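Colleague: I'd like to go through this one with you and ask how you know what you say about it. Can you put it up for me?

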Amino acid sequence: MPTATSFTALGRGNGFSFCPVSVDVSSKDFWITMSGRKKTDAGTPTAAEINESKAKAMKVWWNAYQVTAQTSNLLGGVTTTQSNPVFSLSSTAAGVPAEPKDRVCSTLGSNTFSARITASSGRLDIHAGLGLTALYNGSTSDINNLVGYSVFSGALTVGGGTDSPGLFDIKARSDVAEANITLGAFGDTPTVDSDDEQSIAYTNKSDCYFICRALAKSANKSSTIGTFSHSINATNCTVSCSFTANSGDPDDDFEASSSFSGFDFYTY
């Protein structure tokens with residue numbers, strides 16, 4: 001892994017240069033902190049679990065070098081693949097790494113760095129924009145309801161949420177098939193069309209816990225000119241969807257796939 005330049009910065013006394021957005025997640029279908037405390041767990045989290053979730057949020061915010069993810073499609077007989085975007089400053093070209101020291105001026109209202117790569121006329125896209133959410137299992141005015149932290153928000157749909165900043169989307173689209181992955185910290189089960197198939201699961205990647213929603217669009221669609229098929233595993237953060245034409249001509253086939261493996265980190 002790349003070696004970062006050591007630095008010292010003044011913060012808010014919480015490991016960041018800003019305060020988190022506090023969200024009451026008690027009514028959500030799913031929630032999980034980065035230490036793995038989740039909605040279905042009995043009892044209340046220990047102080048050690050809460051501190052562990054903050055430490056993991058700090059590790060990703062400050063030290064994540066790149067996203068280990070891949071998106072690809074088959075279109076017109078040609079397969080295109082994009083993978084592993086690095087976190088870059090918005091003021092520089094994509095692909096130029098933003099070292100931890102370059103992130104000091106980022107805030108929730110003005111995040112100056114993200115990881116993004118796109119291709120195939122926008123049909124392929126990997127986008128990770130980090131935030132900081134304090135999850136409360138009840139009123140956010142009662143510190144005893146705090147269960148932990150995450151760098152992602154509550155959206156389980158493409159595009160991020162409005163409750164707090166922090167989004168992670170992987171999109172792959174061909175003409176008739178689509179394979180998407182969204183990571184979040186909390187959320188409700190999205191409604192999907194009958195032609196589509198989704199799976200939602202808690203996942204552990206790079207020793208950090210998230211909710212993964214995998215969506216295969218057109219997975220269940222019927223057609224007289226070909227066959228749709230799909231593979232979906234939200235726990236592993238993988239999804240694919242394909243269309244095989246009855247014509248036997250490979251140019252008439254379409255595929256889309258997305259996967260997420262974790263993060264690579266800077267060392268010091």
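Colleague: Why is there no bond between the sulfur of C237 and the closest cysteine sulfur, in C212?

Modeller: Bear in mind that this is a predicted model. The two sulfurs, of C237 and C212, are 3.3 Å apart, and a disulfide needs them within 2.5 Å, so the pair is too far apart for a bond. By that rule the count of disulfides comes to zero.

Colleague: What makes C237 buried or exposed?

Modeller: Buried means under 20% relative accessible area. C237 has 0%, so it's buried.

Colleague: And why is C19 called partly exposed?

Modeller: Its relative accessibility is 42%. That falls between the 20% limit for buried and the 50% limit for exposed, so C19 gets the in-between label.

Colleague: Which residues touch the most other members of the largest nonpolar core?

Modeller: That core has 49 residues, and the ones you're after are V60, V67, F87, L183, F260 and F263. There's also another core apart from it, of seven residues, including W31 and V147.

Colleague: What is V60 in contact with, leaving aside its neighbours within four places in sequence?

Modeller: M34, R103, L130, V151, C208, F263 and F265. Contact means heavy atoms within 4.5 Å.

Colleague: How do you know that β10 and β11 pair?

Modeller: Pairing takes at least two bridges. Five join β10 to β11, so they pair, and they run antiparallel. One partnership is R173 with E178 in β11.

Colleague: What makes β5 and β13 edge strands?

Modeller: Each pairs on one side only. They sit at the ends of the open sheet's order, β5-β6-β7-β10-β11-β14-β13.

Note on methods. Residues numbered from 1 in each chain as written. Predicted model: local features only at pLDDT ≥ 70, side-chain atom pairs only at ≥ 80, totals over all residues. Heavy atoms only, no water. Core = buried A, V, L, I, M, F, W, Y, C linked by side-chain atoms within 4.5 Å. Buried < 20%, exposed > 50% of the residue type's maximum accessible area, 1.4 Å probe, protein only. Helix = DSSP H or I, 4+ residues; strand = E, 2+ residues; numbered from the N terminus.
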